[in-house]
Every structure is written in structure tokens, then in C-alpha cells.
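Me: Please take a close look at the sheet in this model, going from a single residue pair out to the strands. After that, set the sheet beside the nonpolar parts of the chain.

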Amino acid sequence: MKACSTLLDGARLHCWVLKLGFVWDVFVAASLVHMYCRFGFVDIAHTIFKNMPFRDMGCWNSMISGFCQNGNAKEALRILDDLIFEGMEMDSVTVATSLSICAQTNDELRGLLIHLFAIKHGLEFNVFVANALINMYAKFGQLRCAQNVFDHMCVRDLVSWNSIVAAYEQHDYPHDALNCYHQMQSNKIRPDVLTLVSLSSSVAQTKDFLLSKSVHGFIVRKCWITRDTVLGNAVVDMYAKLGIVDSAHKVFEELPCKDVISWNTMITGYAQNGFASEAVGVYDKMKENDDVTPNLATWVSVLPAYAHLGALRDGTRIHAQVLKKNLDLDVFVGTCLIDLYGKCGKLDEAMSLFYEVSRETSVPWNAIISCHGLHGFGETCLKLFERMLNEGVEPDHVTFLSLLTACSHTGLVDQGKRCFDLMQQEYGIKPTLKHYGCMVDLFGRAGLLETAYNFIQSMHLRPDASVWGALLGACRIHGNVEMGRKASNNLFQLDSENVGYYVLLSNLYANFGRWEGVDEVRSLARDKGLWKTPGWSSIELNNRVEVFYTGSNQSHPQCEEIYSEMAVLNGKIKGLGYVPDYSFVLQDVEDDEKESILTGHSERLAIVYGILNTPPKSSIRIFKNLRVCGDCHNVTKFVSKVTEREIVVRDSNRFHHFRDGICSCGDYW
């Protein structure tokens, strides 16, 4: 029966057993139980098991293991209780299997009792039992206990080393995992595929780019990446988490066999590194592949990419598939859908979904708070947070990040400071660099530049580029050149390849007419081969997305109509008091040319295109890749009034809802 490669072969043997009357033989019956468990037919195995007049330990172990391996831990524990009730004594196999079940069911008390039994009967030094103990304690998060078991082992095999390395890796202690791996090498234990899977994840956590190349090189030399998809997926994930998406994609393309996890890993890698279009591209290729079927994890990976792009139509298609498969109430899919609708300007739909999903964890609360913050409803975010606490849901670091961002975008300085203090004092959450960056942004947007700078000086962590970038952005808004220079000096040391920081400093100089400073900064950027990201705005009408670029749309079929309508609108809004703000023109040119440059901004072209191609008084939704300029913001307010339309603009920072000459941001963004 051990030689049976298919269930059909096993069933034929079972028929011969019945025909020859061997079914009552304990060894034959035990082999049948083991065979059916191996093929996943545990119910048949259990029926044979129950009808056996006598059962040896091998049969009990097969039945317990069968239920455990087929995902029925509850029934496995019931069989274990029957074994004890009948006076049978557990052996090393029973103990090892039972410890695995305790880890699956998170039954820490039973696990401790079984450990005591193992100590009492001298089984704790058995290598299989010890390995099971390491895995169990790792699952419970008791890494000291796991290390203690490992340290007291008389004999350690490869599984023992893999278990302790994985224990540290899975609990985000990458340096301890790497130390264990080095000890493993010192003990002349050769790593296998599972070792390298844990090692790849640990390297990703340490952000050690050089070590990642070493690990990849070792795997290539062993030719494992072409033979093992799991390891190939781990390498793709490692590079993606390190932000080296080109290498991740190269490894992905070289995988001879791509399973659904391979595709999901690549989609997630692109999405989490800000390459939303590329993530969607991989998903589209996945759909063309007949060998794999998108699953729940796929949709959780690609929905954030659609949200980032504002691709509501494509996102709703996935929503339809989710509904078809009755997965809409899954908290992770539901949260991604909340995020999608919120970031695509459909806040009411996001709220409806929020009320449908389970709200027992912080995940959906974080999503809906973040969405309201993105739309500039800071007070609503604080009310949602209060409701969250009243419902007994504990906030996490993401909750406070969303709250601080919302307070920053709406000028709620005191409330933001209270949230920052509450996070540390009430919930014991240590601020990360992202939290510090939000606080600097909070003070900076409010014009408290000295407070922001002093806050940076008092930080317990070394400020990164995002923190100094927030200060530089605030200096650009409030026109503080000296503070801006301090921020930029630190920025160029930390992240000299980010063109956005050069643009901010250049714009700051341009606002004050310091053109020599502008030339100097632009020259620095050019010397590094950096070029400003071109501004574009998109609008979706009739299932078609139109994209307009700043100052270069002469080839558009409606170009003449757009500029003609814009001239008419400019006349109307000037009659209402609009005066062009030339400070947002960052070239040293004459005033009439400055007005022409402002007129060519991408968001204005997209808005006029929307006016020309939609019914009167209907709403218009625009997506812009950069922060909307102050003059365009002012123009859009006037246009919303003269056209009696709601105009919704999502820029790189937030949403702006323009209605009747007023913006939801209250001119604070």
C-alpha cells in the first residue's frame, strides 16, 4: 500500500483485502488508514479505524496525523483524547504530531501540558519532538522557549536549524535569523531550499542589498531557482521588498513554472513600490494565462494599484467577480474595495462597504479613516476614531498615521499633537519615521516652520528624506528660503536622486525671483541626469480615459474647441474677480506669456474637455499626477461657480471637491 501512487490503486488493494479477509489484521488495517489519509480521504480512513477490533500506536498516530494534515485539527484532538481515555501512552510520534496540532489551534495550554509529558517520559531530547516544540513555541511567539529547546538538543538535524531560522524570520528578527544561519554553516550543516526561503525573507527585512545578491548567487549556483517555484517566489519577494523591482521582474520572467503565488508576488511588488501601472500590466498578463486562476490574494494585491491609478471602472470589474464568488464580506478584500472607492472619489460607496464588512479589527477602520482624510474631512476622521474606540477596537500604528495625515491636511494642529501623544502614552506605540514625517508636515503646513525644525532636532530616530522633504514642501508653501536651504542640504545628502526635491527648491527660488538659484538647482539636477516629471491630468468619459499633458496637447482632436472654450471661461471668471497669480509660473518671462503658460496647465485642459463632452451641470472628475498649483485651484473654484458644476480633482496629495466657488479643502492643502 505504501507503493500506491494513486487512489485507484489503493482502492483496488482495499477490495483484495476485503475479498481475502485481511481487513481484521491490525497491520493491514493500519496501512489502509495511512493510505486513505495520504490521499486526503480521512472520512474513509476514520471508518476503517473505528471498525478495527484492536488498534496499535501506529494506527492511532496515522489517524491523528491524517486529520492534522488535512486541516481538521479539532477532530485530531478528539482522537488524541480518545487515545488517552483508552489508556494508551503517547510515543514520540504522537507527541510530535500533537504539538503541531496545538500550534495550528493556538492551544498554548495543551501544548505546555504535552511538553511536560515529554519531559516526564524522557521524550524532549527526541529530535522529532524537539523540532515540533521549536515550531510550536515559534507559532506562539515564545522565541526564548524555542531557543531554549534548540540549545538543549543533543542532536540537531537540518529541520532543527531550519525551524529556528524560520522562527526568528517570521517574527521580524532578521539579524537573529542570520546569526543562526551562520552558526548552521559553522556546524557544517548544508542548507536546503527551505533554509534559503527563510534566508531570503530575512535579507529583505535587513535591507541589505549586497547580501541579497550573495543569496541570489548561491541559489543560482545550486540551480534551485529553476527547479523550485517556492524558492523562486521567495527571491522575487526579496527583491521587491528591497525596492529592486527590475531584478524582481527579471527573476519572475526566468521562472520556468509560475504558480498563482508567483503572479501575486510580482503584482504586490510593483504595487507596493509605487508602480501601479506595471502591477496592472502583470495582472492583465496573468488573466491571459490559462494555467493560473486569480484568487483572493490576487485581488487584494491589484485593487490598491487600481485605487492609486483612479481606475474605478477596472476596479468595479473585480468587485463584480468578488460578489460572484461571495467573497465581498472578506475583511481584506472588503478593505481594499473601501480603499478603491474612497480614492476614486466615491466616498458614499466606501462608507456603504465599510458598514457591510466585519469591523472587529483595525484594518477596515484604518481604510475608512484614511479615505476621509484624503478628502479633507479631518473632523470626520476624529469622530470615526472615537467610534472605533467605543466599539472596543484597538488602534495600531496605521490608525495613527491616517489620523495624523488627516489632521495635517486640514490644519488640525492641536488635535494632531494629541493623537501623537495618545499613540505613545496610551497605546505604547513607538513613532516611526512616517509618524514623525506627518508631524513635521502638520506643523509646516500650518506655517509653524521653526516648530517643525525644532521637532526634527528632537526626534529619537535619524530623520530620513521624507521628514526633510515635508519641511522643504512647507518652506515652498510659506516662502521661507533660508529654512528651505537647510532642509534641501540634508535632503541632497540622504536622497540625491529624487528629482522632486530639486523641483521644490527651484520653485522656492523662483517664487522670489532668485533666478540664479533656479539655474543652479536645475544645473545640479541635469548633472545627475534627473528630469522633472511631466505634469498630466486624466479624465474618464464613455469608458475612455483621456490624458492631457501640461503645455503639449496640440495633437488632440478637440484642441481648438478646448482652447476656444477656455478663452470664454477665462473672460467669465475674470468678470467675477479672478486675477492670474504669476508666482506659479516658474520661468523668467513676460506677463502675457506667463498667462499663456498657466492656461496650458493639464488640469485646466482636462476640465474644459469635460465641460465640452458632458451634459450641463453634471459633475466632472479629474486625476492629476502632481500637486495642483494655487492658480489652477483658484481658477477651478471660479469655473465651478460659472458652470454650476461639481468638479472633483484628485492630485498627488488629496481630493478637492469644488462646488459653487468653494473647495472642500478650505484653501488649506
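Reply:

**The sheet and its surroundings**

In this predicted model, a useful place to begin is Ile-539, which stands opposite Glu-546 in β2. The strands involved are β1, residues 536-541, and β2, and they pair in the antiparallel sense over six bridges. Strands of a sheet pair through backbone hydrogen bonds, in either a parallel or an antiparallel manner. The whole sheet is open and has six strands in the order β2-β1-β3-β4-β5-β6, with mixed pairing. At its edges stand β2 (544-549) and β6 (662-663), and because each has a single partner strand, one side of each is left without a neighbour in the sheet.

Turning to the nonpolar interior, the largest nonpolar core holds 177 residues, of which Val-33, Val-95, Ile-338 and Leu-471 touch the most other members. Leaving aside residues up to four places away in sequence, Leu-471 touches Val-440, Leu-449, Ala-452, Tyr-453, Ile-456, Met-483 and Ala-487. Apart from this largest core lies another, of 28 residues, including Ile-607, Tyr-609, Val-635 and Phe-638. In soluble globular proteins, nonpolar side chains tend to be buried together.

The surface offers a nonpolar patch as well, of about 410 Å², made by Leu-109, Leu-113, Leu-116 and Ile-119. Leu-109 is found in helix α7, which spans residues 108-120, and Leu-109 counts as exposed because its relative accessible area is 60%, where the cut-off for exposed is over 50%.

Terms used. Residues numbered from 1 in each chain as written. Predicted model: local features only at pLDDT ≥ 70, side-chain atom pairs only at ≥ 80, totals over all residues. Heavy atoms only, no water. Core = buried A, V, L, I, M, F, W, Y, C linked by side-chain atoms within 4.5 Å. Buried < 20%, exposed > 50% of the residue type's maximum accessible area, 1.4 Å probe, protein only. Contact = heavy atoms within 4.5 Å. Patch = residues over 30% accessible without salt bridge, like charges linked within 9 Å, V, L, I, M, F, W, Y side chains within 5 Å. Areas by Shrake-Rupley, 256 points an atom, 1.4 Å probe, with all protein chains shown as cover. Salt bridge = Lys/Arg side-chain N within 4 Å of Asp/Glu carboxyl O. Helix = DSSP H or I, 4+ residues; strand = E, 2+ residues; numbered from the N terminus. Pairing = 2+ DSSP bridges.
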